[in-house]
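Subject: Structure handover

Hello,

Here is the structure I promised to pass on. Please open it alongside this note. My findings follow below.

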Amino acid sequence: MHFFGYLQKKLYLCALIMVSMKKIIVFCVLAALLGWPFRLSAQIYGAGTSVYNFLSLPYSARLNALGGDNVAIQDAELSTAMMNPALLNKATDKVLQLNYAYWMQGTMFGSVIYGHNFGRGKWEKQPEGEPDKPNYFAAGIHYLDYGRMRYADEYGGLAGNTFTAKDILIDIMYARQLGPMFTVGVAFKPVYSIYESYTAFALGADVGGHFQLPDSTLQIGLTLRNIGWQLKGFYSDENGQQREKLPLNLELGLSYRFKHAPIRLSMTIHNMQRWNLNYGQSSQVDTGKVLWYDMMFRHTIFAIDIIPKSDRFWLTVSYNHRRRAEMQLKDQRSIAGFAFGAGVRIYKFSVAFALSQYSKSNFTYQATLSLDINSMLKK
């Protein structure tokens, strides 16, 4: 009898997961169909054929430590909503987050994100005076400065004067909790770039869904990022304004946290809309020496978290195979593809730091400061 009861419970759990995943998939498919006027089908070609690739950079130390991307972990980390807006939740209410990263050779990245929840739900009981707020909102501004560069002529001769290049992103996110285990979200993303005297402007959007078990051991996320089009291109020619594609990315994430151990495992599958991740002019380019299993793992990111029940601190190690394959140098040792990070919550704020490597001579350092405004307002 115990066996049949256990089996019935597991079958019910599997059915619940399948129904929730169906909701997430239907939501993303509908969003993709709505994105058809944005020339969605024109965005599926190979790597190196789109602009605004800074949209794929990790926005915080937490994301950097997770290998640069994660669409499944829903917790108090606000920046993960930049990868999947459905990751906004009640823990991101009134959280202010400041991020800074030094990439390489003077390239710096910074951002400010703020989360705010509103509304009332009926499915979750809250302590008196703390009503549930199933509508989640966040907004952020992100700034990438490539530093000062010197002018050069067509022969490579350097001039004395310099110029700058910058990317600016505004991200407005909204998520709605549809039940105790299911959340959907959307994001609106205006993007502006200025490289010397050349400017460009684009409008992008993200859609996503998230499912988790009541005990939060298993979490599943699905998102379609960077749907959109360029309103103004960097240049014009005899054919008129040249508009380029945004880096579309369909992602699926899974995360499992052990009940009796402070360990969480994560896997992110990215760029599911195309198989070939080689740099070329179309998705039909020859993959050359990249074998099928190598290409398969280039779509995956693996991460291990050490997180105690108190959630007072975390330690993370991750592996991004695509980054490893593209960034490592032959006959030279490096940790390209690996990332390491740690964070600690102290009183009313949290600090985090991450380290990763993109080339032999440069490490990427990223720091994050998160302030809990709710705690600060309490006496």
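A residue counts as buried when its relative accessible area is under 20%, and as exposed when that area is over 50%; in between, the residue is partly exposed. R322 has a relative accessible area of 14%, so R322 is buried. Please keep in mind that this is a predicted model.

**Overall**

The protein chain has five helices and 16 strands. It runs to 379 residues, and 47% of them count as buried. About 19700 Å² of the chain is exposed, with carbon and sulfur atoms supplying 65% of that area. Take the contacts between residues at least 6 apart in sequence: 57% of them join residues at least 24 apart.

**Salt bridges**

I will start with the charged pairs, since R322 belongs to one. Side chains of opposite charge can pair when their charged atoms come close. The structure holds eleven salt bridges.

R322 pairs with E326, at 3.1 Å from N to O. Both residues sit in helix α4, which covers residues 321-327. They are four residues apart, about one turn of the helix. R322 is buried at 14%, whereas E326 is partly exposed at 29%. Elsewhere, salt bridges with shared partners join R62, D75, R264 and D305 into one network.

A further salt bridge links R257 and D311, with 3.2 Å between the closest N and O atoms. R257 is in strand β10, and D311 is in the loop between β12 (300-306) and β13 (313-320), so this pair ties together parts that are 54 residues apart in sequence. D311 is partly exposed, with a relative accessible area of 39%.

D294 and R298 form a salt bridge too, and their closest N and O atoms are 3.3 Å apart. Is R298 buried or exposed? At 10% relative accessibility, R298 counts as buried.

**Nonpolar cores**

In soluble globular proteins, nonpolar side chains tend to be buried together. Here, the largest nonpolar core has 31 residues. Which of them touch the most other members? They are Y52, F54, Y59, L88 and M173. Six elements give two or more residues each to this core: β1 (95-102), β2 (108-118), β3 (135-152), β4 (158-177), β5 (182-195) and β6 (198-212).

L88 is worth a click. Leaving aside neighbours within four places in sequence, L88 is in contact with Q74, L78 and A81. The list of its contacts also includes Y136, F137, A138, M173, Y174, A175 and T183. A second, separate core has seven residues, including F211, L213, L218 and I220.

**A nonpolar surface patch**

There is also nonpolar area on the surface. A patch of about 760 Å² is made by L98, V112, F118, F137, I141, I170, I172, Y174, V186 and F188. Strands β2, β3, β4 and β5 each supply at least two of the patch residues. β4 gives the most, with three. V112 lies in strand β2. It is partly exposed, with a relative accessible area of 36%.

**Aromatic pairs**

The count of aromatic pairs comes to nine. Why is the pair of Y195 and F234 called stacked? Their ring centres are 5.0 Å apart and their planes are at 15°, and planes under 30 degrees apart count as stacked. Y195 lies in strand β5 and F234 in the loop between β7 (218-232) and β8 (235-237), so the pair ties together parts that are 39 residues apart in sequence. Y195 is partly exposed at 28%, while F234 is buried at 16%. Ring pairs link Y146, Y195 and F234 into a cluster.

W292 and Y293 make an edge-to-face pair, at 5.8 Å centre to centre and 85° between the planes. W292 counts as exposed at 59%. Y293 is partly exposed at 42%.

**One loop residue**

Finally, look at H260. It is found in the loop between β10 (249-257) and β11 (263-269). H260 is exposed, with a relative accessible area of 80%. How far apart are H260 and K309 in space, C-alpha to C-alpha? The distance is 9.5 Å, although the two are 49 residues apart in sequence.

Best wishes

How values were computed. Residues are numbered from 1 along each chain as its sequence is written. This is a predicted model: local features need pLDDT of at least 70, side-chain atom pairs count only at pLDDT 80 or more; totals for chains, interfaces and linings use all residues. Side-chain values use heavy atoms; hydrogens and water are left out. A nonpolar core is a set of buried Ala, Val, Leu, Ile, Met, Phe, Trp, Tyr and Cys residues joined through side-chain atoms within 4.5 Å. Buried means under 20% relative accessible area, exposed over 50%, partly exposed in between (1.4 Å probe, protein chains only). Contact means heavy atoms within 4.5 Å. Patches are made of residues with over 30% relative accessible area and no salt bridge: like charges are joined within 9 Å, nonpolar side chains (Val, Leu, Ile, Met, Phe, Trp, Tyr) within 5 Å. Accessible areas come from the Shrake-Rupley method with a 1.4 Å probe; for residues, only the protein chains shown count as cover. A salt bridge is a side-chain nitrogen of Lys or Arg within 4 Å of a carboxyl oxygen of Asp or Glu. Rings of Phe, Tyr and Trp (its six-membered ring) pair if their centres lie within 6.5 Å; planes under 30 degrees apart count as stacked, over 60 as edge-to-face and the rest as tilted.
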